[in-house]
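Me: I would like a close look at one part of this model, followed by a connected account of some other places in it.

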Amino acid sequence: MKKNLLISMLLSFMGCWTGMSEANALEKVNDVYQITNGQDLADFSNVVASGNGSANAVLTADIDMTGIDFAPIGSLSSPYSGTFDGQQHYIQSLTLELPEQEYVGLFGVLSNGAYIKNVIVDWSCVISGSAFVGGIAGGTSGQGTVTFENCGNEAAVGATNQNAAGICGVSMGSGCGIVMLNCFNTGGIAGDRECAALCGWVGDNGSLIQNCYNAGFIVGMDGSFSLFRNQRGKGTGNFDTYGNQGTLISSDEYDLGSGSVCYQMNANKTENVTWYQKIGEDAHPVPFASHGVVYAVGELNCDGTSKGGDLSFSNTDESIRDAHTFENGVCTKCGDVDHNFKQPVDGYYELANAIDLNWFAGMVNHGVKKINARLTADIDFTEYTKKDIMIGGFSADGNKEDAEESGFVGIFDGQNHKITIDYKATYDAVALFKVVSDATIRNLIVEGTIESDMRFMGGLGFVSRGTSLFENIIVNVNITGSYPGDATDGGIFAVCHEYPTFRNCAFVGSMNIPSSEGSAAIIGYAHGQVETIIENCYVAPTLLSFTGNSTVIARHVGNIDNCYYTENIDMIIDEATSVPETALATGELCYLLNEGGAKDAWRQNLPGDAYPVPFADHKMVYANGSLKCDGTLTDDIHYSNEESEAQRPDHTYVNDICTVCGARIIRTVEQLQQLAADVNDGTIDKSIIVDLVEDLDLTGVDYVAIGSRTKKMVDTGEVDDDQQPIMREEDIKCPFNGTFDGHGHRISNMVIEAESSNQGLFGLVQAGSTIKNVVVSGEIYSIGHSAGIVGTSVGKGVLTIENCGSEVLVNVGADGPNGAGILGVNDLSAAYVRIINCYSTGDIVGSRECGNISGWLGDRAEVINTWASGIVSAEAIDGTKSFARFNANGATFTNCYEVLGTQDNVGFIEYDDLASGKLCYLINKGSDEPVFYQKLGTDLFPVFDASHGLVYYDGKDTYSNDPSVDVKSVVATQSGTPAVIYSLSGARQQQMQRGMNIVRMTNGTVKKVLVK
């Protein structure tokens, strides 16, 4: 028996060894597998299945799969993430009929980074499965991006359930962006539901279907989504025999085979084309240049259209085509443009006059979408706007929001110049920029008039798509309209999709549209409520007259930060702050914008400028006079261009409480407890300044978090049928609001045991607050929404947590969500969260939605110079987001590290890197100034205290506190290193803060250091 078992084991081992040998027998050139036949392709699938998902491969010939036992390349347990280049070859006679299997195709499952290109699955193949079936790939798994370029499917593709498609079946969970460039499907697609020609479901983030076509039938189509499903995906320049998601093309076999469709998809052009076809051999266009350019044969106009006779098509140029008649860079016959009319300078076309701008509009509108331009002078464009010239589309497009074939994609820099417009339209969608997509428009003034009796007027643009940025823009356009009903007009843009950002922009014109509904002064309507950002902007119109569900700033936008509007607007809104009209000319609004977060972006010449402008060639505005002791303005403040520092008196403390503003000094545990009690019962209900000036030990203290949230039944004042009072539950919030500065002190042994959520040093904090310069150690046991520093953020505004360390074990229980080290949860994603120079070493225990730094950052956040070494419960991690959870691509992580972490955008480190000094060195190397310090041999991890010394690296394997070993010191100084740091008020700090610092160096000298 033992002998038989041994023989069986040997045979099994030999079988495994033999399989490995066959797989490894594939030839490699420069670490790329060379696939020459069907067995090679099957062996490559085995290579990936064995765990080598990032392997790269090329086809060296057409591949015949007749009689070959083949499994799709990549699976959920071992997805494919490498580069596969078909080198313009075909897969032939591949039969995959797997009715019980999901993720079926040439590739089964792809993951982030996979790049499939230059391959066609031909008509002799049959591919079918249960669900998630594609000619090229069944689907994707996880986050990131997968790219298909120059890929085609001619095969019949079927799914007994959902998501059959020609190229890719599904982006599972919407997490992986799918990019398809120059791809096609001509095969029949059939499934029970949710099928499409190219992709059954694309990912939410970054999905792009560009220059693709379909000429196959679809069974199981979802409504009119013939090419791809999920409206978060972007399609541009596509063609479709259904005409739903692309320009209509013929499905007739003759038209496909003759070259007619190929010529059409190339826009009647024969240079710089996408589609090729061997006339007489190819049944349809392909994206392979080796198949030849298609030319029209016959008498042609200068735009390539027929002069009236029937056209035939050939791979040789036999046509008679009129020449263009260019005048000022534009053809007077067909409107095409002379690409050589201007030459770029450093990648930008320089526009000096209306002729140049008209030529630029023609370039964009005729397909040169990715193009950059900058103004070198003010331009009066009214001669052309009266002819309905727009950039990124034609008036004939109507309100076509997906007119991507002519949408502007580049950078337009006004260089602080002005464009004057004058539109009088009888059509929908009128603006200087009609359609922009993934574009940047900056440093521009637009003034003039727009009049229309139709919808979708925009002072700058009609519709924005993709990730577009509009920065440093003034719109002074008078918009007049008479459309009755939902007009969706916008002072700056009428409609926005996906991820637009409006930064440092202003509308100072007028909107006289009294019968129009659904309009606003910056964006008429944003389809991405959480994705759209409006920051540091203002609205100061001479008139704002509209009706219905209109508003001041923007409709359907959740992220509006540091924005203002003038009080002449007869409307009150919560998302922006009103200022008197006088604040425009005095400099007050300019000052408020910069103080609120614009970081000196707004300027104003006083006197002279009627309102603030976001241009650096104007002067800065300063507040002169005196401030209150809490930093707020007094009545004697005035504004000028002369730099001076407003006088701010010291606090008047009695028993460590300021009698003027209520600021507090915390020296004792009792004072900390009293602060919590006063915030939690509503005694402190306004913004307050708190300074911690001593280390505190909470051993034996039943600590209650600062800031609370409770439920209370309140009487509505109404009675039911039995005349009993009707009660309702009310959410009672008493958050901390203000600035808490720990000045580098430590709060030790904080223990919270609560059968409630919202726990931490701070349980509930109002957005707009700042928590900084404190380290907390201890343990928290709660039922959710808890962290060492801040449990929950509430309200809109910016929450800043800076120079804070959490050495707290956080346990939110078997059912608890949102446990973390720094911030538990950004409630309703309302705040813009900034976590800077922070760390967390405590473990995080929970059942779901937890993270080392944050359980939920929300829609907008930035995390900078921050690290974590705690262990998060495996079941509590959301996908790979072990460091911090956030929505879509709304958070940025800069110079962040996590021990054994799984998050893609955070650096990976080992436990040994903590004590060795490697982490301390890395995080300081990646920041502008030293952030962390560490006394090697003593400190187990980096700390904030500058007296512990910097860490240096010899470039090999040694980390030391000795600067002489450093190849390139983190901080070059000729006067020593900081020994002790103080604030201007004399409070000792562990590191330099923004503003003025008093620093005693190791050589005994004392310096004032300004940190901006």
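Which are the buried residues of helix 11 (residues 918–925)?

Reply: In this predicted model, the buried residues of helix 11, which spans residues 918–925, are L919, C920, Y921, I923 and N924. The elements that cover these buried residues come from both strands and a helix, and they include strand 71 (867–868), strand 73 (897–899), strand 74 (907–909), helix 10 (912–916), strand 75 (952–953) and strand 76 (959–960). As background to reading such a list, an α-helix has 3.6 residues a turn, so residues three or four places apart point the same way.

A sheet elsewhere in the chain can be described next. It is an open sheet of four strands in the order 34-36-39-43, and the pairing is parallel. Strand 34 (433–437) and strand 43 (523–526) stand at its edges, and because each has a single partner strand, one side of each is left without a neighbour in the sheet. On average, neighbouring strands of this sheet are turned by 10 degrees against each other, with direction ignored. Within the sheet, strand 36 (residues 461–465) runs parallel to strand 39 (residues 493–496), and three bridges join the two; V463 has V495 of strand 39 as its bridge partner.

Three single residues complete the account. E471, which is found in strand 37 (residues 469–481), has a relative accessible area of 15% and is therefore buried, the cut-off being under 20%. The side chain of E471 makes a polar contact of 3.3 Å with the side chain of R503, and R503 also appears among the residues in contact with E471 once neighbours within four places in sequence are left aside, together with I441, R442, N443, N504 and C505.

T551 has its place in the loop between strand 46 (543–545) and strand 47 (559–561), and with a relative accessible area of 11% T551 is likewise buried. Not counting residues up to four places away in sequence, T551 touches S519, A520, A521, F546, M571, I573 and E575.

F326, by contrast, is partly exposed, because its relative accessible area is 36%, which is neither under 20% nor over 50%. F326 lies in strand 28 (residues 326–327), and with neighbours within four places in sequence left aside, F326 is in contact with C331, D336, V337 and D338. Of these contacts, V337 is eleven residues from F326 in sequence, and the C-alpha atoms of F326 and V337 are 7.4 Å apart in space.

Definitions and conventions. Residues are numbered from 1 along each chain as its sequence is written. This is a predicted model: local features need pLDDT of at least 70, side-chain atom pairs count only at pLDDT 80 or more; totals for chains, interfaces and linings use all residues. Side-chain values use heavy atoms; hydrogens and water are left out. Buried means under 20% relative accessible area, exposed over 50%, partly exposed in between (1.4 Å probe, protein chains only). Contact means heavy atoms within 4.5 Å. Two strands pair if DSSP finds at least two bridges between them. Axes are lines fitted to C-alpha atoms, for helices over the stretch in contact, and angles run from 0 to 180 degrees between N-to-C directions. A polar contact is a pair of N or O atoms within 3.5 Å; within protein, one must be able to donate a hydrogen and the other to accept it, and residues adjacent in sequence count only if both atoms are side-chain atoms.
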